[in-house]
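Please look through the structure shown below, keeping the sequence at hand, and follow the explanation from its interior to its pockets.

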Amino acid sequence: MKIARNTVVQFHYAVSDANGEIENSRQYEPVLYLHGQPGLLDGLVSAMEGHESGDVFSVSLNAEDAYGPKQENAIQKVQVKHLQGAKKWKPGMIAVIQTDEGPRQVTIVKVGLSQAEVDANHPLAGRDLTFDVEILDVREATEEEIAHGHAHGAGGHHH
């Protein structure tokens, strides 16, 4: 079965930039997503279209098509209590904060007693990226998955 709208895709990926590998999903469970729904970079979604189980391919995205250019005015102050992901923070660490648009990753720049300066750019902003992808499985989405707007893993998804 080929990847198309309303198919559920299970895949592994490795992402790298000019300096080498940044992240490899093989240390985790494979990624599972409903094709045609938000959640992946548009360029990666486009590159997956038409592939099928067993396909291995690479796609290179320039910074603009990946996480965008790095914005120099993206340093913000937030209360340390709003940072999620660790108990003790140091510069360079990645935290998650809740925004009106959902969770967002930020990079710690400086930490004080009650406030931290964070860089609100995505950690990979401003970088050209290459994704090496292996498609593990492609199947038709269930009516429930389509209605919910996301894939459900093995054993179903509990809301």
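Which residues have the most contacts inside the largest nonpolar core? In this predicted model, the largest nonpolar core has 21 residues, and those with the most contacts inside it are Phe 11, Met 48, Phe 131, Val 133 and Ile 135. Two or more residues of this core come from each of strand 1 (7–17), helix 1 (42–48), strand 4 (56–61) and strand 9 (129–140), and the largest share, 5 residues, is the contribution of strand 9.

Met 48 offers a useful view of these surroundings. When its neighbours within four places in sequence are left aside, Met 48 is in contact with Ile 3, Phe 11, Tyr 33, His 35, Leu 40, Phe 57, Val 133 and Ile 135. Apart from the core just described there is a second, separate core of 10 residues, which includes Leu 83, Ala 95, Val 106 and Ile 108.

The aromatic residues come next. A search of the whole structure finds 3 aromatic pairs. One of them joins Phe 11 and Tyr 13, whose ring centres are 6.2 Å apart and whose planes stand at 50 degrees, so the pair is tilted; planes are called tilted when they are neither under 30 degrees apart, as in a stacked pair, nor over 60, as in an edge-to-face pair. Are these two residues buried or exposed? Phe 11 counts as buried because its relative accessibility is 1%, and Tyr 13, with a relative accessible area of 17%, is buried as well, the limit for a buried residue being under 20%.

Tyr 13 also forms a tilted aromatic pair with Phe 131, with 6.3 Å from centre to centre and 50 degrees between the planes. This pair links distant parts of the chain, since Tyr 13 lies in strand 1 and Phe 131 in strand 9, 118 residues apart. Phe 11, Tyr 13, Tyr 33 and Phe 131 together form one aromatic cluster.

Tyr 13 leads on to the pockets. The largest pocket has a volume of about 680 Å³, and of the 19 residues that line it, Tyr 13, Glu 23, Gly 39, Tyr 67 and His 122 are the closest to its centre. Strand 1, strand 2 (20–24) and strand 3 (31–34) each give two or more residues to this lining, which divides into 15 nonpolar, 3 polar and 1 charged.

The second largest pocket, with a volume of about 310 Å³, is lined by 15 residues, of which Pro 103, Arg 104, Gln 105, Ala 120 and His 122 lie nearest its centre. Strand 7 gives the most to this lining, with 4 residues, and by class the lining has 6 nonpolar, 7 polar and 2 charged residues.

Methods: Residues are numbered from 1 along each chain as its sequence is written. This is a predicted model: local features need pLDDT of at least 70, side-chain atom pairs count only at pLDDT 80 or more; totals for chains, interfaces and linings use all residues. Side-chain values use heavy atoms; hydrogens and water are left out. A nonpolar core is a set of buried Ala, Val, Leu, Ile, Met, Phe, Trp, Tyr and Cys residues joined through side-chain atoms within 4.5 Å. Buried means under 20% relative accessible area, exposed over 50%, partly exposed in between (1.4 Å probe, protein chains only). Contact means heavy atoms within 4.5 Å. On a 1 Å grid over the protein atoms alone, a cavity is a set of points where a 1.4 Å probe fits but cannot get out, and a pocket is an open set with protein on both sides within 12 Å along at least five of seven lines; lining residues have an atom within 4 Å of a point. Grid points are joined across faces, edges and corners, and a volume is the space filled by probe spheres set on the points. Ala, Val, Leu, Ile, Met, Phe, Trp, Tyr, Cys and Pro count as nonpolar, Asp, Glu, Lys and Arg as charged, and the others, Gly among them, as polar. Rings of Phe, Tyr and Trp (its six-membered ring) pair if their centres lie within 6.5 Å; planes under 30 degrees apart count as stacked, over 60 as edge-to-face and the rest as tilted.
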